[in-house]
Number of protein chains: 2
Amino acid sequence: MTIKDIAESCGVSISTVSRVLNNHPDVSPKVRQKVLDAAQKAHYVPNNSARDLVKSRSEGIGLIVRGVGNPFFTQIIHAIERAIDAAGYTLVLHQISTDDDEIMAGASLARSKKLRGLIFLGGKGDYQSSDIAILDVPFVCCTYTVRFTPLARESYSSVAIDDKMEGYRATRFLLEKGHRKIGVLINSKHDRSIGELRYMGYCEALAEMGIPLDETLVEEAGSFTLPAAYEATCRLLERRGDITAVFAIADSMAVAAAKALHDKGRCMPEDCSVIAIDGLEMSSYFVPVLTTMAQPQTELGTTAVKTLVDMIEGRAGNRHILLPATLRTGGSVRSI
Amino acid sequence: MTIKDIAESCGVSISTVSRVLNNHPDVSPKVRQKVLDAAQKAHYVPNNSARDLVKSRSEGIGLIVRGVGNPFFTQIIHAIERAIDAAGYTLVLHQISTDDDEIMAGASLARSKKLRGLIFLGGKGDYQSSDIAILDVPFVCCTYTVRFTPLARESYSSVAIDDKMEGYRATRFLLEKGHRKIGVLINSKHDRSIGELRYMGYCEALAEMGIPLDETLVEEAGSFTLPAAYEATCRLLERRGDITAVFAIADSMAVAAAKALHDKGRCMPEDCSVIAIDGLEMSSYFVPVLTTMAQPQTELGTTAVKTLVDMIEGRAGNRHILLPATLRTGGSVRSI
DNA sequence: ATGTGGATTGGAAGCGTTTCCAATAGTAAA
DNA sequence: TTTACTATTGGAAACGCTTCCAATCCACAT
C-alpha cells in the first residue's frame, strides 16, 4: 500500500496525495477529504525510508552511551527516551566501549541513519573543534562536566553537574564532620576524565582548610567497575590503614569500597566513613544509607533532550547547563 | 559522499562499488581493494534510508521494555544491544509504562518504523492468539516465563528462566538450611505476573517438605519498586515477627527488605536470612553478600536476539527457551 | 587464429516520497 | 466574452542504493 495506490484509487495524482498527507495548503477540501478517507480505509502507513531518503534526514536522535550497563545511566536513559518520544522523535541507542571514540561512533551513526541529533552520555566531554568537525548534526553532551576548547564551546551543548564543585562539596562535608585523613577512590586522575574533576574538587576543599595534599591517600581504580573499585580500596587500606573516611567518586564504587572495608575488618561508618557522588535510588536503601551528592538524573535527561530539540528545530542555539546535585545524607558518614 | 562519488574517484561503475561494499563475490581483488581504500579514505558511510528503500525494509529491531529503569534489565539491554549490533541490525528502544499494552505499542512501532522484529522485555508473557494477530513481524518475549495459549505458542519465541523452578530452588535452599518460617516478598501473586510463578515455586517447595502453606507469610508489594518492597517488608515483619528468612522475588526487593529488617531492629542474617532471584552484579558487593538465584542476564539477551534473528532470516522457526539460573551463595543466609 | 566459457564489469530499472515547475481549471475583473 | 490571475493539479526529476541483465574481457583449449 503506497501513495501511488491511494492516488489511483482516488483518481488523483501522486503529488496531490503527498500534499494531503503532508498537510500542504494547496489542496481543495473536497480532494483532501477523499484522499484522507482512502488512506484511512487502506490503513496506509508511510514508508519512512523513502521519505528519509528524499528529505535526506530521519526523525531519529542517536544516544551514544559509554556503558549502558552502568546503573547510574539507567534512570537518565529512561528520562531521555521519554522526552525524545514526547518530542516526536525516535531513539536510536548505540553503546560503545571504553576505548571507542565516541565522536567517530556518533558521526557514522548519525550519517548512516541520517539522524537529526546526537546525545552523548558518559562521553569524555572534552572535544577539540577539529574532532567534532566531522559531526554535521547538533549534539549535546550529557552527564559529565565539559571542558571547552574555545571554538568548540560554540558548537555544541552540554548538560551536566559541576563535577569539580560537587567533589568539593562532598569532601567539604567530610571535613566538616572532622575527618582529616580522607582517602579518594577515583577511576583516574588524569586523562581529563570525570574523576580528574571530582578529584580537583577534593584537592580544593583540602587546600581551603590548609591541609596539604597527600598523594598516598589517592587511589586510582582505572575504571568504574565494581571489581576495580574493590581492589583499589584494598590497596588504599593496605597503604593507609589510618584513614577515617573515603570519598568515592561514584555510588557504585562506594558499594565496592564498603565491601572492601568490611572484608578488611573495618566497620562503616564506625571505623571509616564513606561518601560518594551520583545518588542511585538504591543507595538510599543500603545499610547504612550511603551519603552521596545525588545528581538530578531525570532532569539531566529531560534537559539534554530539550536542549537538543531546541537546536534541531532552530528555536535556540547551543547552551551549556550545569545542574546542581543534592546532598543526601545517610549513615555512612559519622562525625569524629 | 555517496557510492557514486566513490565510483567516479575509482573509475569504476556504481554497481561495482555496491558489490564491493556488500561483499559480493564477483569482484576482482584489485578493484575491490581500490574501492575499499577509496571508501575508507573518504569516510564513506552508507545511506541506510536508500538501502532500506530498495530492500523495502529496515534493519531495525524494536525493543519494547516495561521499565527501563529497572536495574535488572540494564545488563540484559546491554547484551541485547551488543548482539543486535553484531548481527547487523539497529536497536530502536521504546519503553512503556506499567499499564500500557505492549502488543499494541509494539505493533505500531513495528509498522511505522518498518522494523524486522520485536523483543519484549518485561512484558506479561501471556498472549492470546487474537492479541498478537496484529503483529506482522516475528517477536520474542524475554525474561519472564511465558504462559501459552495453545495457538499462540506457535507464533512467537520466548527466552526466560523457569520462574517457578527458580522460586522452588530458592525456597528449597532456605528449607535445607533449616528455615521453616519463610516470609515471601512478592510483587503480586495474581494477574499471571512473574511473582505468581515464583510464588508457585515457593509453595511447591513447602508442599514437598510437608509444610502447610501459611498465607500470613506472604506479602504483596504491588510492584517491584524499592519503596513498595520496603513497606511490604515492614508489614510482613509486623505481622510475623517470628520469621527466620525472607524470600524476595527480586534482588532489588531484597535490598529494600534488608533495610526494613535493619530498621526494625533485626540483623541479617543472624535474625533473619534473605534470599532473592535475579543476580544483579552489585548484589555480590553487598555486606553481607546477597544469596540469589542469578539469572544469566547476558545469555538471556544474546539468546533472545539470536532467536529473533533466526526467525527474521528464516533460519529457524519459533522456539521457547528456558535458561537455568545459578545459585550464588552469600552471607545473607545462615543455617539454623 | 578462433572459439568458448567463466570471471568481471557496466547499464539501467526501480524502491516510495517529496517537490519544483509546468499545466489546467476556476474566478473575478474588464 | 475575454483577460488575467490565482487556486489546484499533474508530471517528472531526484534521493542513494541494490540487483537483474547484458556486455566485455581474458585465459585456455581447439
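In this predicted model, a polar backbone atom of A:Asn47 lies 3.3 Å from a phosphate oxygen of DNA strand C. A second residue of chain A, A:Asn22, approaches the phosphates through its side chain. There, an N or O atom is 3.1 Å from a phosphate oxygen of the strand. Chain B contributes through B:Ser28. A backbone N or O atom of B:Ser28 is placed 3.0 Å from a phosphate oxygen of DNA strand C. Helices H2 (14-21) and H4 (48-55) of chain A, along with helices H2 (14-21) and H4 (48-55) of chain B, are the elements that supply two or more residues to the surface near this strand.

The surroundings of DNA strand C comprise 27 residues. Those that come nearest are A:Ile3, A:Ser18 and A:Tyr44 from chain A, and B:Ser13 and B:Val31 from chain B. By class, the surface near the strand holds 11 nonpolar residues, 11 polar residues and five charged residues. On the DNA side, sugar or phosphate accounts for 59% of the strand C atoms within 4 Å of the protein. Bases provide the rest.

Helix H10 of chain B was examined separately. This helix runs through residues 226-239 and has 14 residues. Its first and last C-alpha atoms are 20 Å apart, close to the expected 20 Å. Its buried residues are B:Leu226, B:Ala228, B:Ala229, B:Tyr230, B:Ala232, B:Thr233, B:Cys234, B:Leu236 and B:Leu237. The cover over these buried residues includes three strands of chain B, namely S6 (182-186), S7 (218-220) and S8 (245-248). Helix H11 (251-263) of chain B is also part of that cover.

Terms used. Residues numbered from 1 in each chain as written. Chains lettered and ligands numbered in written order. Predicted model: local features only at pLDDT ≥ 70, side-chain atom pairs only at ≥ 80, totals over all residues. Heavy atoms only, no water. Near = heavy atom within 4 Å. Polar contact = N/O pair within 3.5 Å; in protein donor to acceptor, adjacent residues only side chain to side chain. Helix = DSSP H or I, 4+ residues; strand = E, 2+ residues; numbered from the N terminus. Nonpolar A, V, L, I, M, F, W, Y, C, P; charged D, E, K, R; others polar. Expected span 1.5 Å × (residues − 1). Buried < 20%, exposed > 50% of the residue type's maximum accessible area, 1.4 Å probe, protein only. Contact = heavy atoms within 4.5 Å.
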